[in-house]
Amino acid sequence: MRKIPDKWLVVITVLLGAFTVILNNSMLNPAVPHFMAVFQADAVAAGWVITVFMVTMGMAMPLTGYLADKYGKKQMYISGMALFISGSVFGSLSWDLSSLIMFRGLQGLGGGLIMPLSMALIFDAFPRNERGLATGIYGVAAMMAPTIGPTLGGVMIELAAWQWLFLMNIPIGAAGLLFAARYLPKSRTVPEIRFDLPGFITVTAGVGAVLTALGRISELAHLMNPVNIGLVVLGAGSIALFIRIETRKQQPLLDLSIFRIRAYTYSVWVAIIGSMSLFGGIFLIPLLIQNVYGYGAIMTGLVFLPAALLTGVFMTIGGRLLDKQGPTLIVTAGLTLLTLGTGLMGFLDMTTSLWLIFFLNAVRGVGMGLSNMPATTAGMNSIPEAFVSRGSAMNNVMRQMSSALGIVFVSVYFEVRRAQLMNGESLLVEEASLAAINEGFIVLAVISLLSIPAGLLLGREYQKSSDADEKGE
């Protein structure tokens, strides 16, 4: 390890942590029906195994900026890894569904510290003109894990006991913990910083309530559920109050003034669109492959594999080009390819070759690789170094909420449109499913299309920021 430069050891370290967190969460998605059988629970109760992780992770993220400033990024990252590993150990020993949900919540708290601090640690280790390549390599974990996780989880459920979904985290997590203790540098702390209690209460209540509501919605009837409506109202009201509080605080929990930096704002918008498209596709493609064309889970995983590999490759290429040329061409080209691949997925029919689906999903993967992480890196490069931890936390919270929103939107749309097509036009189940899936992809493509100007605007603002830095302004 001594031959590897210290800064790249930081990337390896945080990549281990991020990959473990994201892979574990995506592996558990196909396991919900199995948990229903094992613990004799209904779908709503078993679904909390997924929902509680998303909620606790989203609630922990806004805290990372303050905790990193108060106690140091390295110390908090190690704490996050320790929490996640502990949740994995205890999760494998769960004796009922309630204990499993509790330990999944513990995993989520750890993941909520790990994810934002990973980017912040990379930014500390690399100069501005090298961060694109570094975050591109790191981003391989963030983009590949959600695509391969469901297939791997399904295979493990079929071939092994469910406890292995948790046990497999332990060796990788332990390696990540040892790497963190040895190779992450200590960062400067701000011991005198004050804790923003009103901001903490309102943002955790807001994010937690919204994510809980989104996690409970998968069909149209759920939108009318009084509990879900109440959670959305509570969440929206808490977030509005949080914004009002933060604009008046001298030491806010999350400094919302960074949104005045336009490059950062455009980068967050691109990240939101990328998350919605990624997770919308993760929901729709298994339905397409299995419910429409009749293939199994293994073929579904194979459809995702080329896209995942190309996302990783082009994320690295995009990061290198970002360091040399800025984000304008790379991010705009990526959003264009994402729009093209997603839009063409909306014109499939019952006779479409499986290879065409492989190809179009691969095009989507190239587009996400070129647009997502390069845009995030460009936005983070544009904010002052002192705000990097909080900027990363904000970015991750927005990704978390938009990915959940993407899944809810396409799942409800699919359920409603399929029912309309079956009843109104008397289509067969497969034909109605295909038509609803096609429309879902077209809607996602329109959203991506509307985001292409954000790539151009991001490039313009990033160039202004770079020119100002060169002049010493």
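Me: Take a cavity as a set of points, on a 1 Å grid over the protein atoms alone, where a 1.4 Å probe fits but cannot get out; its volume is the space filled by probe spheres set on the points, which are joined across faces, edges and corners. What volume does the largest cavity have?

Reply: This is a predicted model, where local features need pLDDT of at least 70, side-chain atom pairs need 80 or more, and totals for chains, interfaces and linings use all residues. Residues are numbered from 1 along each chain, and side-chain values use heavy atoms, without hydrogens or water. Searching the whole structure turns up one cavity of 30 Å³ or more. The largest cavity comes out at about 80 Å³.

Me: Which residues line the largest cavity?

Reply: Lining residues have an atom within 4 Å of a cavity point. For the largest cavity that gives Met143, Thr147, Leu278, Ile282, Phe304, Ala307, Ala308, Thr311, Asn361, Arg364 and Met368.

Me: How is the protein divided into domains?

Reply: The bounds come from an automatic or database assignment. That gives domain 1 (1-185), domain 2 (197-250) and domain 3 (255-472).

Me: How far apart do the C-alpha centres of domain 1 and domain 2 lie?

Reply: These two domains meet, burying about 740 Å² between them (accessible area, 1.4 Å probe, lost on being put together, summed over both). Carbon and sulfur atoms carry 81% of that area. Their C-alpha centres are separated by 24 Å.

Me: How many salt bridges are there between domain 1 and domain 2?

Reply: The criterion is a Lys or Arg side-chain nitrogen within 4 Å of an Asp or Glu carboxyl oxygen. Between domain 1 and domain 2, the count is zero.

Definitions and conventions: 1 Å grid on protein atoms, 1.4 Å probe; cavity = no way out; pocket = protein on both sides within 12 Å on 5 of 7 lines; lining within 4 Å.
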